[in-house]
Amino acid sequence: MSETDNKPTLGRKPLGLKRSVEAGEVKQTFSHGRTNKVVVEVKRRKLIGKPGAPEAAAAPAAPEPAPVAAAPAPAPVAPRPAAPRAPAPPSNETRQELQTRLLREAEEARMASLEAASRREEEERQRAAEENRRRAEEKLRAESDAGSTEAAPQPVAEQPEAAPEPAPAPVAEAAPAPVAAAPEAAPAPATAGAPQAAAAPATTATTTTAAAPAPRRFTPVVAPKRPEPAAKKPAHARDKNAVDRRQSGKLTVARALNEDEGARARSLAALKRAREKERRAHFAGQSQAREKQVRDVVVPEAITVQELANRMAEKGADLVKALFKLGVPVTVNQTIDQDTAELLVEEFGHNITRVSESDVDIDTASDVDSTETLKSRPPVVTIMGHVDHGKTSLLDALRGTEVVRGEAGGITQHIGAYQIKTKSGDLITFLDTPGHEAFTDMRMRGANVTDIVVLVVAADDGLMPQTIEAIHHTRAAGVPMIVAINKVDKPEANPKKIRERLLEHEIVVEQMSGDVQDVEVSAKTGQGLDDLIEKILLQAELMELTANPDRAAEATVIEAKLDKGKGPLATVLITRGTLRTGDILVVGTQSGRVRAMLDDKGRQVKEAPPSLPVEVLGLSGVPMSGDTLTVVESEARAREVAAYRQEQATAKRTAMAPANLDTMFSALKAKENVLEYPIVIKADVQGSAEAIVNALNKISNDEIKVKVLHSGVGAITESDVSLAQAAGAPVVGFNVRPNAKAREMVERHKVRMKYFDVIYHLTEDVAKEMAGIWGPERIETVVGRAEIKEIFPAGKKDKAAGLLVTDGFIRKGLFARVTRDDVIVSKTTIASLRRFKDDVAEVRAGLECGVVLQDTNDIKAGDVLETFDVEMRERTL
């Protein structure tokens, strides 16, 4: 070949068969059929010497290691023949190809020698471990023989048989070690005499080392000689291992060409799967061997299959299979009843504990305090009576305050709770209830939480409807009553008449030989106030009022509201226990923690004993008046009870009667015929909002009803305005006003706003608006009747009827009805009225006339014409 052909070309490969190794590409094969190609960079070695040096240097670089066979006895190691010289390169092989081939052969030879060395080192380690184990066994055997000899002496002649002499270590096994290490120890170019010189001293050293550990004979008297420690490894062995470990992860030409090795290697994922399988099998065996644990399973009225499986610590699939066997096809997310769950629990060998959803709620009725824990408490007195009979004025006189001046219209519209201290140091709690008829629920709540009722009756007015209602509430609550006849300072006062009127309702006062205490008082002059307090304390002493202060508090909500700065507030009356700051509580559907407590004078208190009214801050929302406050152990329990009560309230509100076709059509028909007056109500306290809703429902009738879209406590907000705007309803604010954003929305959407501070003003205004929507009442008055005798044509289309007026009169322009066999045929008006061809305005009874009816020709001889007048009268509610 020419000289130019041997030079490497730039940018293209030479023609010929593709050889991946020479081209620098190596194909890697991994598990699961994955392959990868790697580019191998071949570095050129600088050759120093004559041009024929590469051929001469190839011989020492690539020695052929001769395999060493294990000999039964030590024998001189034959000198290793020198590696044959590499054949001369063919004339067509370039210098680069020759250099690549020589490097590859040298790398293969080096890797083979490293593998052989590592194999021999592993054999050495195994041999040393076997030797140590054998020596340890001999030592244990010798010690046991020595102990048995001391216990029972035996002849000395027999002793060598009991302790056999260990056999010398075979030289044939240790001989290959120095031979294998010869290439490492003599890295110089191999010659014919070098192997002999290196092998002879190594063989001698190995033989001496193997013969040294042989133990000496011993007698029972002499202690056995301790075995010598194993010979230490040469220092260079650790270094070779380290080199081997470092180079084991490198990709070499020989490793890349060995495709079988890569195919046989297991991936890391396969190893992980195998270990996981073994671990599962191990735990499965343990679980089968372990005895099954019997559990107490709490089962509510309804539970899903998966939840039941979790409580039983069983698999959900097993429960589904068991249900399928019982003929109940279900899924793990399906709900089953309590009886089906009981069958499953018993089938799996567990114990069932039945509970109902109502168990979540707090049952205070069953929690009764023992008599040893009860202590005396102040009485709770409720003042009841008709509006404007002086209830709040009487309480102001007792407290020394002027609450009545702060009430709008001079009437009480909130329930108030106060505690006073008498001159003798006794405490009395007073509840002031509204007297207006709209506040019936407030009076009923006051009567239910009180111990004594003071019925205030004005001496100049007598018994009124709300006075009688208060008497009924008192009897329903089963509490004693004290009659206070107020305004006795007025000249027209007549207390005797009041006592006589009370007899009509079976109330006999003490002055008339009865058992009901009465006292004449004057809130204006202070007359009889001391007598009233004395009678209250006497009644309380007879009742022996007690409570347990050393327990979790329970209270009743007297009033609730939403304050702009403090948030939800609830005025509560402690019934038993002591309420402290920081207690976790639940009130109706609301929960929270006591952040602060204020008494009736606005002072903060840390503790509230029984019969003390306080204002509680820290609730999550505004509770309903009359709800029971209960202290619980944790916030989780409080939230659980509140959520359950909320669900029950929602279910009760959305509950519907069983639907059928009759009820559906009747409800639709009733809805079509009834007008609705939508309204949004916001009040300052919960009791006022409740009273307003009740009062508006009372003024509704069968033809028009009030539809309260929303009633709440607090200022008028944007959501209230949006709701009213969508329904076209007015927003009624009772002692509240809208905030800034709500005022903007009111101006933008032109929503009607109504503000009131007296409840009967509100009801009067709403009643007028409802009457306006309802429209005036149509009243029909029949003024005449006539019998149709004959029909005549009148013009091209109309017909004229000849009439005989039988009753009343017929006038032109009146409304008329045509009846045939007492069935209304048409409704019309009289367009023309004539008598003997003359137009007349009116025809009286007993006369004949002719009429033309407007927009109808359905008339026949024998029909009856009835005329009537219509009057539109304004409605009132």
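Strands are DSSP runs of E of at least two residues, and helices are runs of H or I of at least four, both numbered from the N terminus. On this basis the protein chain of the predicted model contains 26 helices and 34 strands. One of the loops delimited in this way is that between strand E29 (815-820) and strand E30 (823-835), where Asp-821 is found. The backbone of Asp-821 is described below, after the overall features of the chain and its sheets.

The protein chain comprises 877 residues, of which 36% are buried. Among contacts between residues at least 6 apart in sequence, 69% join residues at least 24 apart. The average pLDDT of the chain is 75, and 70% of the residues score at least 70. Residues 1-11 have a pLDDT below 50, and this stretch makes four contacts in the model beyond near neighbours in sequence. The pLDDT is also below 50 over residues 151-225, a stretch for which the model shows 53 contacts beyond near neighbours in sequence.

Helix H13 (residues 305-312) and helix H14 (residues 316-325) form a crossing pair, their axes coming within 9 Å at an angle of roughly 120°. The crossing of H13 and H14 is right-handed. On the side of H13, the contact involves Val-305, Gln-306, Leu-308, Ala-309 and Met-312, while H14 contributes Gly-316, Leu-319, Val-320 and Leu-323. Classified by residue type, the contact of H13 with H14 consists of seven nonpolar and two polar residues, with no charged residues.

Further along the chain, six strands form an open sheet in the order E9-E10-E8-E11-E12-E13, and the pairing is mixed. Strand E9 (416-421) and strand E13 (517-520) are the edge strands, each pairing on one side only. From one strand to the next, the twist of this sheet averages 25°. At one edge, E13 runs parallel to strand E12 (residues 481-486), to which it is joined by four bridges. Within this pair, Ala-484 has Val-519 of E13 as its bridge partner. Two helices lie across strands of the sheet. Helix H16 (residues 391-399) lies across strand E8 (380-385), E9, strand E10 (427-432), strand E11 (452-458) and E12, and its direction is at about 155° to E10. Helix H19 (residues 495-503) lies across E11, E12 and E13, running at about 145° to E12.

A closed arrangement is also present. Six strands, in the order E15-E16-E21-E19-E18-E22, close into a barrel with antiparallel pairing. The twist in this barrel averages 45° from one strand to the next. Strand E18 (residues 584-587) and strand E22 (residues 628-632) are joined by four bridges and are antiparallel. In this pair, Ile-584 is placed opposite Val-632 of E22. Helix H21 (residues 635-654) packs on the sheet and touches E18, strand E19 (590-598) and E22, with a direction at about 5° to that of E18.

Strand E27 (residues 777-794) has two antiparallel pairings to be described. With strand E34 (residues 864-873), E27 runs antiparallel over 10 bridges. Arg-778 stands opposite Met-872 of E34. E27 is also paired with strand E28 (residues 798-811), in the antiparallel sense and over 10 bridges. The bridge partner of Ala-794 in E28 is Asp-798. Three residues separate the strands in the hairpin of E27 and E28, and Gly-795 in this hairpin adopts a positive phi near 80°.

Positive phi values also occur at aspartate residues in loops. Most residues other than glycine have a negative phi. In Asp-821, however, phi is positive, near 60°. Asp-821 counts as exposed because its relative accessibility is 74%, the cut-off for exposure being over 50%. A positive phi, of about 65°, is likewise found in Asp-855, which is not a glycine. Asp-855 is located in the loop between strand E33 (848-853) and E34. The relative accessibility of Asp-855 is 77%, and this residue therefore counts as exposed.

Notes:
Residues are numbered from 1 along each chain as its sequence is written. This is a predicted model: local features need pLDDT of at least 70, side-chain atom pairs count only at pLDDT 80 or more; totals for chains, interfaces and linings use all residues. Side-chain values use heavy atoms; hydrogens and water are left out. Two strands pair if DSSP finds at least two bridges between them. Axes are lines fitted to C-alpha atoms, for helices over the stretch in contact, and angles run from 0 to 180 degrees between N-to-C directions. Contact means heavy atoms within 4.5 Å. pLDDT is the predictor's confidence in each residue, from 0 to 100. A crossing is left-handed if the near helix is turned anticlockwise from the far one by less than a right angle, and right-handed if clockwise. Ala, Val, Leu, Ile, Met, Phe, Trp, Tyr, Cys and Pro count as nonpolar, Asp, Glu, Lys and Arg as charged, and the others, Gly among them, as polar. Buried means under 20% relative accessible area, exposed over 50%, partly exposed in between (1.4 Å probe, protein chains only).
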